[in-house]
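Please study the sequence and the three-dimensional model shown here before reading on. The paragraphs that follow explain the terms as they arise and lead through the structure step by step.

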Amino acid sequence: MKTKATWIILAHDHPFGRLVPSDADKYITENMRKASELLNIRVLDHLILTADGFVCFWMSALYEYNIKT
């Protein structure tokens, strides 16, 4: 908010290396999306990182986007 951001990207790690979003990950993503809309900020993506790689909701079609510039 200090920089007047209009988009954010969520990210967290799965320390045990599982590159599959859990139900909790999906729940948090949806709730963060709803909450950020109240501030006119869009959640652009949610990344899950491990030592072996990453997965993003957008590339995995786990998140629907309606991005307008």
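A residue is called buried when its relative accessible area is under 20%, exposed when that area is over 50%, and partly exposed in between, with a 1.4 Å probe and protein chains only. Helices (H or I, at least four residues) and strands (E, at least two) are DSSP runs, numbered from the N terminus. The model is a predicted one, in which local features need pLDDT of at least 70 and side-chain atom pairs count only at pLDDT 80 or more, while totals for chains, interfaces and linings use all residues. Residues are numbered from 1 along each chain as its sequence is written, and side-chain values use heavy atoms, with hydrogens and water left out.

The overall plan comes first. The protein has one helix and three strands, and along the sequence these follow the pattern β-α-β-β. Of its 69 residues, 23% count as buried. Contact here means heavy atoms within 4.5 Å. Among contacts between residues at least 6 apart in sequence, 62% join residues at least 24 apart.

The strands can now be considered in turn. Two strands are said to pair if DSSP finds at least two bridges between them. Strand S1 (7-13) pairs with S2 in the parallel sense, over seven bridges. One position in this pairing is Asp13, which stands opposite Leu49 in S2. Between these two strands the chain passes through H1, and the resulting β-α-β crossover is right-handed. A crossover is given this name if, with the strands pointing away from the viewer, the path from the first strand over the helix to the second runs clockwise.

Strand S2 (residues 42-50) also pairs with strand S3 (residues 53-56), here in the antiparallel sense and over four bridges. A hairpin through two residues joins S2 to S3. Leu49 has Phe54 as its bridge partner in S3, and Ile48 has Val55 as its partner in that strand.

Ile48 deserves a further look. This residue belongs to strand S2, and its relative accessibility of 0% is why Ile48 counts as buried. Which residues are in contact with Ile48, leaving aside its neighbours within four places in sequence? They are His12, His14, Arg18, Leu19, Pro21, Asp25, Gly53, Phe54, Val55 and Phe57. The C-alpha atoms of Ile48 and Leu19 are separated by 6.9 Å, although the two residues are 29 apart along the chain.

The helix is the next element to examine. H1 has 15 residues, and the distance from its first C-alpha to its last is 21 Å, close to the 21 Å expected at 1.5 Å a residue. The expected span is 1.5 Å times one less than the number of residues. Asp25, Thr29 and Ser36 are buried in H1. Seen down the helix axis, the buried residues of H1 fall within an arc of 45°, so they line one face of the helix. This arc is that of the directions from the helix axis to the C-beta atoms. On the other side of H1, Asp23 and Tyr27 are exposed. What covers the buried residues of H1 includes strands S1 and S2.

H1 also carries charged side chains that pair with one another. A salt bridge is a side-chain nitrogen of Lys or Arg within 4 Å of a carboxyl oxygen of Asp or Glu. The structure holds two salt bridges. In one of them Arg33 is joined to Glu30, with the closest N and O atoms 2.5 Å apart. Both residues lie in helix H1 (residues 23-37), three residues apart, about one turn of the helix. The side chains of Glu37 and Arg33 also meet in a salt bridge, at 2.6 Å from N to O, and these two residues of H1 are four residues apart, again about one turn. Salt bridges that share partners thus join Glu30, Arg33 and Glu37 into one network. Why can such spacings suit a pairing? An α-helix has 3.6 residues a turn, so residues three or four places apart point the same way. Side chains of opposite charge can pair when their charged atoms come close. Arg33 is partly exposed at 21% relative accessibility, Glu30 is partly exposed at 29%, and Glu37 is partly exposed at 44%.

Finally, the loop between H1 and S2 contains Asn40. Asn40 has a positive phi of about 60° although it is not a glycine. With a relative accessible area of 68%, Asn40 is exposed.
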